[in-house]
Amino acid sequence: MFDLISRYQDQLLDAFWMTVKLTALSAVGALILGTVVAAMRVSPVPVARWVGTAYVTIFRNTPLTLILVFLSLGVYTTLGLKLASESNGLNFLPTNNFRFAVVGLSIYTGAFVCESLRSGINTVPLGQSEAGRSLGLTFGQNLRYIVLPQAFRSVVAPLGSVLIALTKNSTIASAIGVAEAAALMAKMNETEADIIAIGAIFALGFVILTLPLGLIFGWLAQKFEVKR
């Protein structure tokens, strides 16, 4: 195993760095999208609630592989929609498939962020929202200043679980040609005989990525827990 690590050291670092970039950018996109959809799901406007519910129902029950392949083959290859310049391969976000992978992961994970956040919103006492309305706050102001700050504190641990799941789900980006950890693992399996050692290397790599996340979010959940 150590011989494999030494021979593929640079490629392993590049592959896991790609995984980290995919996870970080998709987490930001999913958090923004999930927060917006959660606000729609608790909105007093029926159409907004319907759209939010439809979004969660569709994307939470659609395989991530299908979403990524649709974006790559359908939107990019067939329709010709590009998110990056083909000639510039040195950017932080180098390829179209990488960017579409970020979009797909954000859309998919946003549905789970929405449901986690909505459960946090439901923990906020109704009297606090009513007090905000009595002070003349609009729905948006009430959500921004009173409800969401408490909701986020209530769902730190669930959001951590969603982030860990996103880290592991990023391996599916290899299906559309993104050179992350799973793609390198498949390449190594084709050229190396010691499949068990290869599996152990990548399992250890993902443990190194996800274990600190679990510990950090566990600590944050205890620190910011809302006392009822």
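A residue counts as buried under 20% relative accessible area, as exposed over 50%, and as partly exposed in between. Arg 118, with a relative accessible area of 25%, is therefore partly exposed. The model is predicted. The chain holds ten helices and zero strands. A salt-bridge network centred on Glu 115, a helix pair and a nonpolar surface patch are the topics below.

**Overall build**

- Read from the N terminus, the elements run α-α-α-α-α-α-α-α-α-α.
- The C-alpha trace spans about 70 × 45 × 30 Å along its principal axes.
- Of the 228 residues in the chain, 40% are buried.
- The accessible surface comes to about 12,400 Å². Carbon and sulfur atoms account for 67% of that surface.
- Take the contacts between residues at least 6 apart in sequence: 75% of them join residues at least 24 apart.

**Salt bridges**

- Side chains of opposite charge can pair when their charged atoms come close.
- The count of salt bridges comes to three.
- Glu 115 and Arg 41 meet through their side chains in one salt bridge, at 2.6 Å from N to O. Glu 115 lies in helix α5 (residues 96-123) and Arg 41 in helix α2 (residues 9-41), so this pair ties together parts that are 74 residues apart in sequence. Both Glu 115 and Arg 41 are buried.
- Arg 60 and Glu 115 also meet in a salt bridge, at 3.6 Å from N to O. Arg 60 sits in helix α3 (residues 46-60) and Glu 115 in helix α5, so the pair links parts that are 55 residues apart in sequence.
- Arg 118 forms a salt bridge with Glu 115, and their closest N and O atoms are 3.2 Å apart. Both residues lie in helix α5, three residues apart, which is about one turn of the helix.
- Shared partners join Arg 41, Arg 60, Glu 115 and Arg 118 into one network.

**Burial within the network**

- Glu 115 has a relative accessible area of 17%, so it counts as buried.
- Arg 60 has 37% relative accessibility, so it counts as partly exposed.

**Helices α9 and α10**

- The axes of helix α9 (residues 181-191) and α10 come within 10 Å and cross at roughly 170°. Angles over 145 degrees count as roughly antiparallel, so α9 is roughly antiparallel to α10.
- On the α9 side, the contact is made by Ala 181, Leu 184, Met 185, Met 188 and Asn 189.
- On the α10 side, Ile 195, Ile 198, Gly 199, Phe 202 and Phe 206 make the contact.

**Nonpolar surface patch**

- Leu 204, Val 207, Ile 208, Leu 211 and Leu 215 form a nonpolar patch on the surface. Together they have about 490 Å² of accessible area.
- Leu 215 is found in helix α10 (residues 195-224). Leu 215 has a relative accessible area of 59%, so it counts as exposed.

**A buried loop residue**

- Ser 170 is found in the loop between α8 (156-169) and α9.
- Ser 170 is at 0% relative accessibility, so it counts as buried.
- Leaving out residues up to four places away in sequence, Ser 170 touches Thr 19, Leu 22, Thr 23, Leu 105 and Glu 180.

Conventions
Residues numbered from 1 in each chain as written. Predicted model: local features only at pLDDT ≥ 70, side-chain atom pairs only at ≥ 80, totals over all residues. Heavy atoms only, no water. Patch = residues over 30% accessible without salt bridge, like charges linked within 9 Å, V, L, I, M, F, W, Y side chains within 5 Å. Areas by Shrake-Rupley, 256 points an atom, 1.4 Å probe, with all protein chains shown as cover. Salt bridge = Lys/Arg side-chain N within 4 Å of Asp/Glu carboxyl O. Helix = DSSP H or I, 4+ residues; strand = E, 2+ residues; numbered from the N terminus. Buried < 20%, exposed > 50% of the residue type's maximum accessible area, 1.4 Å probe, protein only. Axes fitted to C-alpha atoms, helices over the stretch in contact; angles between N-to-C directions. Parallel < 35°, antiparallel > 145°, perpendicular 65-115°, else oblique. Contact = heavy atoms within 4.5 Å.
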